[in-house]
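Please walk through this model with attention to where charged side chains pair and where open space is left between the atoms.

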Amino acid sequence: MSGRIAVLVFPGTNSEDETVRLLRDCGGDAELVHWSEAQHLAEYDAFVLSGGFAYEDRVRAGAIAAHDRMMDHVVAAAAKGKPVFGICNGAQILLEAGLVPGTGPTRKPTAAFTKNAPEPHFVCRHVHLKLAVEPSRSAITAALPPGTLVPAWAAHVEGRLAATQEHLDEIVAGDHLAFVYAHPDGRVDAAAIPNGSALGCAGLVNRAGNVLAIMPHPERDGWNFNHLERREGNDALAPSGGASIFRSFVQAVA
Amino acid sequence: MRRGVAISLKIPDNTAYTALVALRRLDVAVEHIERSDIYFFDDGGDVEMLKQRIESDERIFNPNKHRLAILDSEKPGPGELWIEPLCHPERFDYAQHRLHRRVTGWRLYDAKNRPVGHSVLAVAAERLLCNPAIDRPIMEDRAG
């Protein structure tokens, strides 16, 4: 059994149920924690921020949630080395909170997942995330093989990594670029990037390696019933599906 | 010439209210906030035509919930903070009225309903309203 995992629910979060379910199917002890229960977050060992539209993305995607009381606990826990994993809107919140790439002070973002380019339109596309760092770079990816491909769905309007050139250089130099978009055969080129993301970025990790933010949704390709190559046994985890990163996260919490 | 068109809600602005609550939680001394989307178009020498075209097209204006004001300056006034994206993926025109620029305009008031000063605007931008990775804050010149 793993340590206790809190899946945070802000007003407007919408992917929490499948996130909890996949964590549990991967052996995690995961529970939902709503914004009105922030005081309980100190009892947890790890945190997952799932997808949705926290606070309706008012001001900017993730901006209001980044200053929510729940994030006070998450920021403190991250500083103590507890694992924090953000997916899609959860990733946007982690960038707005300055936890990833973490190259500046907390709550002072140095990058953003912002409007897609060249067209600022919603993208819904099956993608592959390729692990671009040594697995041991992050506790959350430590159980993945080098160069792992994680299938997932990109489903966002604001998923393009943007930062000043100075901060993009810091992201590269500091080995913060955890995942890049890739083709199913592992090739990495511009055609694999669904949203114009700088550096082909699909995910970022902080300096200490305990906070990971990814834009696409692996939980939407976790079981046979939602895996592209559907098999018998709908409720079983798809062997080549997105559960691999959840398993690795759960191991980090164990 | 370039003409600013401010479109704001005449129904309650939940985004402005949420920003107000968040800023107060962040210890920014603000009592009331107004927000508008500000577009700068070529007016084609006929600002009334520009206004009519925007009002009759529902891409950025819905008569049931928006009000439209023509600005007489391309700079923010007292108590105003404009947030401008560093890149502009959105491009659209109304006939010959080309869109040049788009900003989000915030107007902040203190407890006495006066526009807040430069220092409060700067703090509001830094703590919430501007992400410097993708935006730049624009305020009234201190001397102005």
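**Charged pairs and a pocket**

In this predicted model, A:Glu56 has a relative accessibility of 55% and therefore counts as exposed, since the cut-off for that class is over 50%. Its salt-bridge partner is A:Arg58, with the closest N and O atoms 2.7 Å apart. A:Arg58, by contrast, has a relative accessibility of 17% and so counts as buried, because that class takes in values under 20%.

Chain A offers another pair, in which the side chains of A:Arg4 and A:Glu43 meet in a salt bridge at 3.7 Å, N to O. A:Arg4 belongs to strand S1 (residues 4–9) of chain A, whereas A:Glu43 sits in the loop between strand S2 (29–34) and strand S3 (46–49) of that chain, so the salt bridge ties together parts that are 39 residues apart in sequence. A:Arg4 is partly exposed at 26% relative accessibility, and A:Glu43 is likewise partly exposed, with a relative accessible area of 43%.

Turning to chain B, we find a salt bridge between B:Glu34 and B:Arg107, whose closest N and O atoms are 3.7 Å apart. Because B:Glu34 lies in strand S2 of chain B and B:Arg107 in strand S6 of chain B, this pair ties together parts that are 73 residues apart in sequence. B:Glu34 is partly exposed, with a relative accessible area of 33%, and B:Arg107 is partly exposed at 32% relative accessibility. Elsewhere, salt bridges that share partners join B:Arg2, B:Glu74, B:Glu84, B:Arg101 and B:Arg136 into one network. Over all chains, the count comes to 22 salt bridges.

Where do B:Glu34 and B:Arg107 lie with respect to the second largest pocket? Both are among the residues nearest its centre, together with B:Ser8, B:Arg35 and B:Ser36, in a lining of 27 residues. The elements of chain B that give two or more residues to this lining are strand S1 (2–9), helix H1 (14–25), strand S2 (32–42), strand S3 (66–70), strand S4 (80–85) and strand S6 (97–109). Of these, S2(B) gives the most, with 6 residues. The second largest pocket holds about 530 Å³ of space, and its lining comprises 13 nonpolar, 6 polar and 8 charged residues. Thus the strands that hold B:Glu34 and B:Arg107, namely S2 and S6 of chain B, are also among the elements that line this pocket with two or more residues.

Methods:
Residues numbered from 1 in each chain as written. Chains lettered and ligands numbered in written order. Predicted model: local features only at pLDDT ≥ 70, side-chain atom pairs only at ≥ 80, totals over all residues. Heavy atoms only, no water. 1 Å grid on protein atoms, 1.4 Å probe; cavity = no way out; pocket = protein on both sides within 12 Å on 5 of 7 lines; lining within 4 Å. Points joined across faces, edges and corners; volume = space filled by probe spheres on them. Helix = DSSP H or I, 4+ residues; strand = E, 2+ residues; numbered from the N terminus. Nonpolar A, V, L, I, M, F, W, Y, C, P; charged D, E, K, R; others polar. Salt bridge = Lys/Arg side-chain N within 4 Å of Asp/Glu carboxyl O. Buried < 20%, exposed > 50% of the residue type's maximum accessible area, 1.4 Å probe, protein only.
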